[in-house]
Structure formats: structure tokens, C-alpha cells
Amino acid sequence: MSGLGERWLAAAYAGASWLTLLRPLEGLYRAAVARRAAAYAEGRRTAWQAPVPVIVVGNLTLGGTGKSPLVAWLAAWLAERGYRPGILSRGYGGKSDAYPLWVDEQTPAAQCGDEPRMLADQTGVPVVVDPDRPRGARALLAAGCDILISDDGLQHLALARDLELVVVDGARGFGNGRCLPAGPLREPLSRLASVDGVVVNGEARFAVPAGAFGMTLAPMAWRRLGDGERRGLSPPPFAGPVHAVAGIGRPARFFETLAALGVEVIPHPFADHHAYRAEELAFADGRPLVMTAKDAAKCRGLAPPDSWVLEVEAQPETAFAAWLEARLAALEAAATDTNPRAGTPPVRHQE
């Protein structure tokens with residue numbers, strides 16, 4: 001998002017009065033969203049249904065909410081329970097000559113996108129990028145995955161889903177509650193009535209929907225960008241003030257996390273999915289450089305080798321894991337009894 005786009009987004013979350021001028025365009029946007037949803041609901045457009053459970057993790061708003069850390073948590077949680085999860089992404093910010101694109105150790109973020117690169121590094125599960133999500137899903141199925149996680153797939157209705165999870169930034173909530181371009185919403189707030197679960201990242205500063213679950217992003221370790229060496233959080237592997245870069249949906253969240261760890265920060269915010277240049281990461285004063293895992297996916301070979309990455313982990317509340325366990329059990333039971341899509345439910349593989 002450009003500098004102008006970032007200023008507009010800040011205004012949308014703050015409820016700037018001049019955005020009322022854009023409400024006629026919001027009406028057109030809402031009508032287009034409603035027509036598209038109705039086309040799928042009425043069968044004029046068909047969603048492809050996978051023979052295994054599909055969990056969609058997305059958001060209603062523009063800007064970062066913490067959905068990708070939740071995707072990573074889900075992949076690990078499912079694998080621990082004997083599933084063979086695969087992650088499906090559109091690959092925003094990346095460009096490939098051919099799809100579906102498998103994200104392996106050599107796939108650059110410029111090709112697959114920063115979030116798929118990060119998720120592949122963090123989870124070790126199969127990650128496929130494809131703007132055509134049903135096609136990407138079929139590739140994961142052919143590789144033996146028995147449950148699929150669609151990252152940022154809430155608005156991609158061509159792929160049917162069994163569970164929809166919406167992640168909300170606790171600090172910003174839903175902004176002024178208006179749809180694009182008069183506000184930050186991709187869909188009207190009424191969409192929340194049809195999703196399965198809402199997860200609020202961080203302390204909520206807005207009226208939380210009934211039944212929503214809480215989640216925090218917990219710092220876990222420092223990782224040196226050059227050689228991957230991991231260090232504990234305290235003491236940090238550097239001294240004095242640091243330059244901190246963040247090209248995420250809400251850079252201030254990263255800077256606040258560093259400050260809470262006692263790190264003195266010289267902040268350098270960038271737009272979400274920013275394509276870094278080496279000169280943006282080189283500072284004449286020689287102070288250490290720290291960044292998010294998402295930024296690190298793009299900064300290999302660009303940043304000084306002694307740069308550090310703060311690894312964080314999503315930690316949903318215990319009730320969320322219990323709820324998810326129950327929902328998956330219900331899906332398996334339905335697949336065994338009546339599911340017309342496939343003869344057998346997903347099989348958990350005990351390694």
C-alpha cells in the first residue's frame with residue numbers, strides 16, 4: 001500500500017469525517033459484494049468442495065490482524081493431532097510464471113509472497129500458492145494432505161469451506177464500521193453472523209462480538225538473520241538502541257512489542273508487503289537492526305548478516321482449542337455418517 005493508501009487507512013480506522021464523501025462509492029462496493037455472494041448462494045456460480053475439511057482464516061478489514069501467526073499455530077496444532085495439514089495462499093506480493101507454486105527452501109519471497117515464505121519456514125508443512133484456490137487445493141490433496149488451511153481466504157468464495165475464522169486486531173477493531181472506500185471493511189459487519197469463529201488478537205478496545213475468542217502474539221526468541229542462530233529473549237543479543245523495520249499491516253504493534261521487551265527502538269515503518277531495497281536496511285551509525293519474521297522472509301541477502309528477527313507465536317485462549325477440537329470431531333462424524341463428498345473421513349496419522 002502506498003503512502004497515500006496508508007494515510008487513507010489510518011483515517012478509516014480513526015473515523016475521519018471527510019470519508020463521508022466516499023459513501024456513495026461504498027454503496028456501489030456493497031452492492032457488488034452482495035451480488036457476488038448471492039451468485040454463489042443461488043448456484044449461479046459454483047464453489048469447489050474438497051473431500052477433506054477446509055479451514056479458512058481471514059479478516060473483514062484491510063491491514064494486518066495477526067491471521068498468519070494463527071495459520072502457523074493451526075498447522076502445528078493439527079499436525080500434533082495426527083493430521084497432515086497443507087496451507088493454501090494466494091501469494092500476495094509474489095509473482096510466478098506458473099501455478100500451483102510449491103514453496104520449498106529455495107523459493108524466493110518475490111515469487112511466492114512474503115507470508116507463504118514465512119509460513120513455510122515456520123511450519124514445515126506443505127505450502128502452495130495459487131490465485132486459483134481450488135486448483136491449489138487439489139495440488140495439496142494430491143500430495144497427501146487431509147486437511148487444508150486457506151490463508152486470507154474469507155473473500156475467495158470459489159473454494160468451499162467447512163470452518164471460517166475471522167481474526168480481528170484488538171487495538172483497531174473494525175475502524176469506522178464502513179466498507180471500502182469509506183472505511184476499512186472488505187465486507188459488511190453483518191458477515192460476522194455467518195462465520196464460525198471470531199478471534200481477537202490482543203486486548204480489545206472495541207465492543208467484542210459475542211462468543212469471540214482471545215489470542216495473543218507472544219515473543220519467543222531472537223533469530224540471527226545471517227545464520228539462523230537462535231537466542232533467548234533475555235538478555236537480547238545486542239545492546240543499546242536498535243533500528244527496527246516493519247513492513248506489516250500495523251507496524252506500531254511490532255514497535256510496541258519491542259518496547260515491552262525493554263528494547264529501545266528507532267522505528268522505521270513501511271507499508272504492508274513492502275519490497276525492501278538494501279539501502280533501506282543500511283544505517284550509518286552501525287546500530288543493530290531488528291525486524292519481524294515476515295520482513296525477514298524478504299530481507300535475506302539484503303540486510304546486514306548480524307540483523308536479528310523477533311520470532312513470535314500465536315497463543316489462542318484454551319477455550320479456542322477446545323472449541324476447534326469439538327468442531328473437527330463433528331465434521332469427522334458427519335463425514336462418516338452422511339457426507340456425500342467422500343466415502344471416508346480424514347484419517348489421523350500417528351507418527
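This passage describes the overall form of a predicted protein model and then several of its helices, strands and loops.

The protein contains nine helices and 13 strands. A compact globule of 351 residues would have a radius of gyration near 20 Å, and the 21 Å found for the protein agrees with this. Along the principal axes, the C-alpha trace extends over about 65 × 55 × 40 Å. Half of the chain lies inside in the sense used here: buried residues account for 50% of the 351 residues. The accessible surface amounts to about 15,800 Å², and carbon and sulfur atoms contribute 55% of that area. Of the contacts between residues at least 6 apart in sequence, 71% link residues at least 24 apart. The protein carries 36 positive and 38 negative charges, and the mean positions of these two sets are separated by 6 Å.

Helix H5 covers residues 114–123. Because seven of its ten residues are buried, H5 is largely enclosed by the rest of the structure. The buried residues are Asp 114, Glu 115, Pro 116, Arg 117, Met 118, Leu 119 and Ala 120. Their cover includes both helices and strands. Among the helices are H3 (67–80), H4 (109–112) and H8 (293–299). The strands include E2 (85–89), E4 (127–129) and E5 (147–151). Just past the end of H5, Gly 124 adopts a positive phi of about 75°.

Strand E6, formed by residues 163–169, is mostly covered, with seven of its seven residues buried. Leu 163, Leu 165, Val 167 and Asp 169 point to one side of E6, whereas Glu 164, Val 166 and Val 168 point to the other. Two parallel pairings involve this strand. Strand E1 (residues 54–58) is joined to E6 in the parallel sense by four bridges. Strand E7 (residues 197–201) also pairs with E6 in the parallel sense, over five bridges. Val 166 appears in both pairings: Gly 58 stands opposite Val 166, and Val 166 in turn stands opposite Val 198 of E7.

Strand E12 comprises residues 289–292 and is covered on both faces. Leu 289 and Met 291 are buried on one side, and Val 290 and Thr 292 are buried on the other. Strand E10 (residues 242–246) runs parallel to E12, and three bridges join the two. In this pairing, Ala 244 is placed opposite Val 290. Strand E13 (residues 308–316) likewise pairs with E12 in the parallel sense over three bridges. Here Met 291 of E12 is set against Val 309 of E13.

An exposed position is found in the loop between strand E3 (101–102) and helix H4, where Glu 105 is located. Glu 105 has a relative accessibility of 70% and therefore counts as exposed, the cut-off being over 50%. Its separation from Leu 62 is 43 residues in sequence and 29 Å in space, taken from C-alpha to C-alpha.

Terms used: Residues are numbered from 1 along each chain as its sequence is written. This is a predicted model: local features need pLDDT of at least 70, side-chain atom pairs count only at pLDDT 80 or more; totals for chains, interfaces and linings use all residues. Side-chain values use heavy atoms; hydrogens and water are left out. The radius of gyration is taken over C-alpha atoms; the globule rule is 2.2 Å times the number of residues to the power 0.38. Buried means under 20% relative accessible area, exposed over 50%, partly exposed in between (1.4 Å probe, protein chains only). Contact means heavy atoms within 4.5 Å. Accessible areas come from the Shrake-Rupley method with a 1.4 Å probe; for residues, only the protein chains shown count as cover. Lys and Arg count as positive and Asp and Glu as negative; His and the chain ends are not counted. The place of a charge is taken as NZ of Lys, CZ of Arg, CG of Asp or CD of Glu. Two strands pair if DSSP finds at least two bridges between them.
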